[in-house]
Amino acid sequence: MFGFSFDPNLSKEEFYKELTKTLRALVSGQRDLITNLANASSLIYHALNSLNAFKTKPVNWAGFYLTAKDNASLLRLGPFQGKVACTEIKFGRGVCGAAASTGKTQVVPNVHDFPGHIACDSSSVSEIVVPIVSPASGRVLGVLDIDDEGPEAFGEADKAGLETVVQILLESCDWTE
Ligand code: SME
């Protein structure tokens, strides 16, 4: 009943249309934050890796860091798919920290060229990190982080698609500030 499959030949634009439709269905009737972020991580990880475009350079990590309740400039590990990861990242550090401190999506073609990159998994080469910004307060509530084993895995279509994913999650979950 929860199975989903995507045509492996979809363009990125078509893919994100399907992904966001599936995500909306997946979170409907459920507002718990951790529950929805857990399923969103799994959906994103498996859906991206089902595309032919990612066959030779698979996504190796997809998930969330959330702003700590006890420290407004610290990200703490949230629900994810992939290998175990660093539990805390300060705002301003690495790619996640850059997204959190600027409130802007970071698309990094090669992490080895990114000053201060935090190598949780040495197989990560490129990544995209989308900040989760509260529409009410403008505060950064966390980030969506996706890492890939190949260079230049993400571009404009991923940025647009994943920013829509974050928008859906902002609207469909109970976030506390
Ligand atoms: N890629 C991140 C660190 C987190 S892990 O890769 C899961 C960064 O440099 O911000």
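Start by selecting the shell around the ligand in this predicted model, whose residues divide into eight nonpolar, two polar and three charged. Altogether 13 residues surround the ligand, and the closest of them are Val95, Cys96, His117, Glu127 and Asp147. Colouring these residues by class will show how the nonpolar, polar and charged members of the shell are placed about the ligand.

Next, select the secondary-structure elements that carry the shell. Strand E1 (59-68), helix H3 (94-102) and strand E6 (140-148) each supply at least two residues of the shell, and among the contributors it is H3 that gives the most, with three residues.

Now turn to the polar atoms of the ligand, taking its oxygen atoms before its nitrogen. At Val95, a polar backbone atom is 2.9 Å from an oxygen atom of the ligand, and at Ile118 a backbone N or O atom lies 3.1 Å from an oxygen atom of the ligand. With Glu127 the side chain is involved instead of the backbone, for one of its side-chain N or O atoms is 2.9 Å from a nitrogen atom of the ligand. The ligand taken alone exposes 300 Å², and the protein buries 99% of that area.

Hide the ligand and look at the space that it takes, which is the largest cavity. The structure holds one cavity of 30 Å³ or more, and the volume of the largest cavity is about 190 Å³. This cavity is lined by 19 residues, of which Ile118, Cys120, Glu127, Asp145 and Asp147 are the closest to its centre. Glu127 and Asp147 should already be on display, as both are among the closest residues to the ligand. Which elements each supply at least two residues of the lining of this cavity? They are E1, H3 and E6, and by class the lining has 10 nonpolar, four polar and five charged residues.

Finally, move to the largest pocket, which has a volume of about 200 Å³. To display its lining, select Leu33, Leu66, Thr67, Ala68, Lys69, Ala72, Arg76, Arg139, Leu141, Trp175, Thr176 and Glu177. The elements that give two or more residues to this lining are E1 and strand E2 (71-82), with E1 giving the most, namely three residues. Colouring the pocket by class, as was done for the ligand shell, will bring out six nonpolar, two polar and four charged residues in the lining. Strand E1 is therefore a useful element to keep highlighted while switching views, since E1 supplies at least two residues of the lining of the largest cavity and gives the most to the lining of the largest pocket.

Technical notes. Residues are numbered from 1 along each chain as its sequence is written. This is a predicted model: local features need pLDDT of at least 70, side-chain atom pairs count only at pLDDT 80 or more; totals for chains, interfaces and linings use all residues. Side-chain values use heavy atoms; hydrogens and water are left out. A residue is near a molecule or strand if one of its heavy atoms lies within 4 Å of it. A polar contact is a pair of N or O atoms within 3.5 Å; within protein, one must be able to donate a hydrogen and the other to accept it, and residues adjacent in sequence count only if both atoms are side-chain atoms. Accessible areas come from the Shrake-Rupley method with a 1.4 Å probe; for residues, only the protein chains shown count as cover. On a 1 Å grid over the protein atoms alone, a cavity is a set of points where a 1.4 Å probe fits but cannot get out, and a pocket is an open set with protein on both sides within 12 Å along at least five of seven lines; lining residues have an atom within 4 Å of a point. A molecule sits in a cavity or pocket if more than half of its atoms lie within 2 Å of its grid points. Helices (H or I, at least four residues) and strands (E, at least two) are DSSP runs, numbered from the N terminus. Ala, Val, Leu, Ile, Met, Phe, Trp, Tyr, Cys and Pro count as nonpolar, Asp, Glu, Lys and Arg as charged, and the others, Gly among them, as polar. Grid points are joined across faces, edges and corners, and a volume is the space filled by probe spheres set on the points.
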